[in-house]
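Me: I am new to this structure and would like to find my way around. Could we go through it together, one question at a time?

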Amino acid sequence: MSDKIVHTSDNAFDADVLQNSKAVLLDFWAEWCGPCKQIGPALEELAAEMDGKVKIAKVDVDSNPNTAAAMGVRGIPALFIFKDGQVVSNRAGAAPKAALQDPRFPALTPEELERHRPEIAAIVHAVKPARSA
């Protein structure tokens with residue numbers, strides 16, 4: 001397991017995610033969840049590739065049910081992107097690595113976005129915007 005992925009908890013969620021100065025990709029998962037295990041390698045790769053730009057965090061929903069409930073997680077895996085403590089996008093279900101590279105990540109440079117242009121069409125369909133309360 002990558003040392004670049006933060007395993008956060010109900011108690012540490014605020015500090016690890018909401019108060020983080022970087023964009024955060026948060027994965028709600030469980031050990032028994034097959035699709036969660038399926039996206040694990042892609043998250044590991046993203047954590048290495050985007051180290052210093054984006055924080056990758058995981059929440060085990062079995063051990064930390066309060067955070068999952070507060071975020072309205074009803075199925076896993078559930079992925080949320082936070083910037084400045086706010087959800088900027090979310091999606092439920094497993095996705096390929098390309099779909100996890102959301103073009104709305106403020107940490108990506110124009111050059112990085114251009115390099116990923118072929119995936120952008122798939123990303124737009126794969127990542128739905130967060131709904132306002």
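Me: Which residues form one aromatic cluster with F13?

Reply: Happy to start there, with a predicted model in which local features need pLDDT of at least 70, side-chain atom pairs count only at pLDDT 80 or more, and totals for chains, interfaces and linings use all residues. Numbering starts from 1 along each chain as its sequence is written, and side-chain values use heavy atoms, with hydrogens and water left out. Rings of Phe, Tyr and Trp (its six-membered ring) pair if their centres lie within 6.5 Å; planes under 30 degrees apart are stacked, over 60 edge-to-face and the rest tilted. The cluster joins F13 with F28, F80 and F82.

Me: How are the rings of F13 and F82 arranged?

Reply: The structure holds three aromatic pairs. In the one made by F13 and F82, the ring centres are 6.0 Å apart and the planes stand at 75°, so the pair is edge-to-face.

Me: How many residues apart in sequence are the parts that F13 and F82 tie together?

Reply: Helices (H or I, at least four residues) and strands (E, at least two) are DSSP runs, numbered from the N terminus. F13 belongs to helix α1 (residues 13-18) and F82 to strand β4 (residues 78-83), so the pair links parts whose separation in sequence is 69 residues.

Me: Are F13 and F82 buried or exposed?

Reply: Buried means under 20% relative accessible area, exposed over 50%, and partly exposed in between (1.4 Å probe, protein chains only). By that rule, both F13 and F82 are buried.

Me: Which residues does T67 contact, leaving aside neighbours within four places in sequence?

Reply: T67 sits in helix α3 (residues 65-70), and its relative accessible area of 6% means that T67 is buried. Contact here is heavy atoms within 4.5 Å. With those neighbours set aside, T67 is in contact with S9, D10, F13 and F28.

Me: Which element gives the most to the largest nonpolar core?

Reply: A nonpolar core is a set of buried Ala, Val, Leu, Ile, Met, Phe, Trp, Tyr and Cys residues joined through side-chain atoms within 4.5 Å. The largest has 17 residues, and V17, L26, F28, V73, F80 and F82 touch the most other members. At least two residues of this core come from each of α1, β2 (23-29), β3 (54-60) and β4. The top contributor, with four residues, is β2.

Me: Is A48 buried or partly exposed?

Reply: A48 is found in helix α2 (residues 34-49). A48 and I5 are 43 residues apart in sequence, with C-alpha atoms 8.9 Å apart in space. The relative accessible area of A48 is 48%, so A48 is partly exposed.

Me: What order do the elements of the protein chain follow from the N terminus on?

Reply: The protein chain has six helices and five strands. From the N terminus on, they run β-α-β-α-β-α-β-β-α-α-α.

Me: Which element has the lowest mean pLDDT?

Reply: pLDDT is the predictor's confidence in each residue, from 0 to 100, and the protein chain averages 75. Where pLDDT is low, the predicted coordinates should not be read in detail. Residues 116-133 stay under 50. Strand β1 (residues 5-8) has the highest mean, 94, and the lowest, 41, belongs to helix α6 (residues 117-126).
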